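Dear colleague,

Please find below the structure that I am handing over to you. My notes on what was found in it follow directly after.

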Amino acid sequence: MLKTALGRFRAVALLEGLSFILLLFVAMPLKYLAGLPLAVRVVGLAHGLLFVLFLFALMEVAIAYRWSLVRVVGAFVSSLVPFGTFVLDARLRREESEAVVQAAP
């Protein structure tokens, strides 16, 4: 999975999406309901780093696969919506499997 630009992008996107979910649904409640602000600090830092990696991986895959601006913007927006990167990954997996089927003799 990590051998291609698309594989690296999918891996980083999944990790970024997971960190976003953890931030929203675990760390934030711990901060505001249990008085543990350290949870947001730790998970927020990890999410921030993964978001930057996501942007670099998005640039790499956009250049390598000559993605259109609309597709790049759509991928970026998916990172701003909870569960968006999971939907993006499902779409990319489906497109990848369709391309393999079409390429088969």
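A residue is called buried here when its relative accessible area is under 20%, and exposed when that area is over 50%, with partly exposed in between. Please note that this is a predicted model.

By that criterion, the buried residues of α2 are A39, V40, H47, L50, F54, A57, L58, V61 and A62. They pack against α1, α3 and α4. As general background, an α-helix has 3.6 residues a turn, so residues three or four places apart point the same way.

Regarding the helices themselves, α2 has 28 residues, which at 1.5 Å a residue should span 40 Å; the end C-alpha atoms of α2 are 40 Å apart, in agreement with that expectation. Helix α1 covers residues 5-34, and its 30 residues should span 44 Å at the same rise, which agrees with the 41 Å between its end C-alpha atoms. Helix α1 also bends by about 40° at L23. Two residues that follow helices have a positive phi: G35, just after α1, at about 70°, and R66, after α2, near 50°.

Turning to the interior, the largest nonpolar core has 15 residues, of which F9, F54, L58, V61, W67, A75 and L92 touch the most other members. Two or more residues of this core come from each of α1, α2 (37-64), α3 (69-78) and α4 (84-103). For L92, once neighbours within four places in sequence are set aside, the contacts are L6, F9, R10, W67 and R71.

The aromatic residues deserve a separate paragraph. Searching the whole structure gives 6 aromatic pairs. One of them is formed by F51 and F76, a tilted pair with 6.2 Å from centre to centre and 55° between the planes. This pair links distant parts of the chain, since F51 belongs to helix α2 and F76 to helix α3, 25 residues apart. Are these two rings buried or exposed? Neither term applies: F51 counts as partly exposed because its relative accessibility is 23%, and F76 is likewise partly exposed because its relative accessible area is 31%. Both residues belong to one aromatic cluster, together with F9, F54 and W67.

Finally, W67 has a charged neighbour: R71 lies over the face of W67, at 4.6 Å from the ring centre. R71 and W67 are also both among the contacts of L92 listed above.

With kind regards

Note on methods. Residues are numbered from 1 along each chain as its sequence is written. This is a predicted model: local features need pLDDT of at least 70, side-chain atom pairs count only at pLDDT 80 or more; totals for chains, interfaces and linings use all residues. Side-chain values use heavy atoms; hydrogens and water are left out. Helices (H or I, at least four residues) and strands (E, at least two) are DSSP runs, numbered from the N terminus. The expected span of a helix is 1.5 Å times one less than its number of residues. The bend at a residue is the angle between axes fitted to the seven residues ending there and the seven starting there. A nonpolar core is a set of buried Ala, Val, Leu, Ile, Met, Phe, Trp, Tyr and Cys residues joined through side-chain atoms within 4.5 Å. Buried means under 20% relative accessible area, exposed over 50%, partly exposed in between (1.4 Å probe, protein chains only). Contact means heavy atoms within 4.5 Å. Rings of Phe, Tyr and Trp (its six-membered ring) pair if their centres lie within 6.5 Å; planes under 30 degrees apart count as stacked, over 60 as edge-to-face and the rest as tilted. A charge sits over a ring if NZ of Lys or CZ of Arg is within 6 Å of the ring centre and within 35 degrees of the ring normal.
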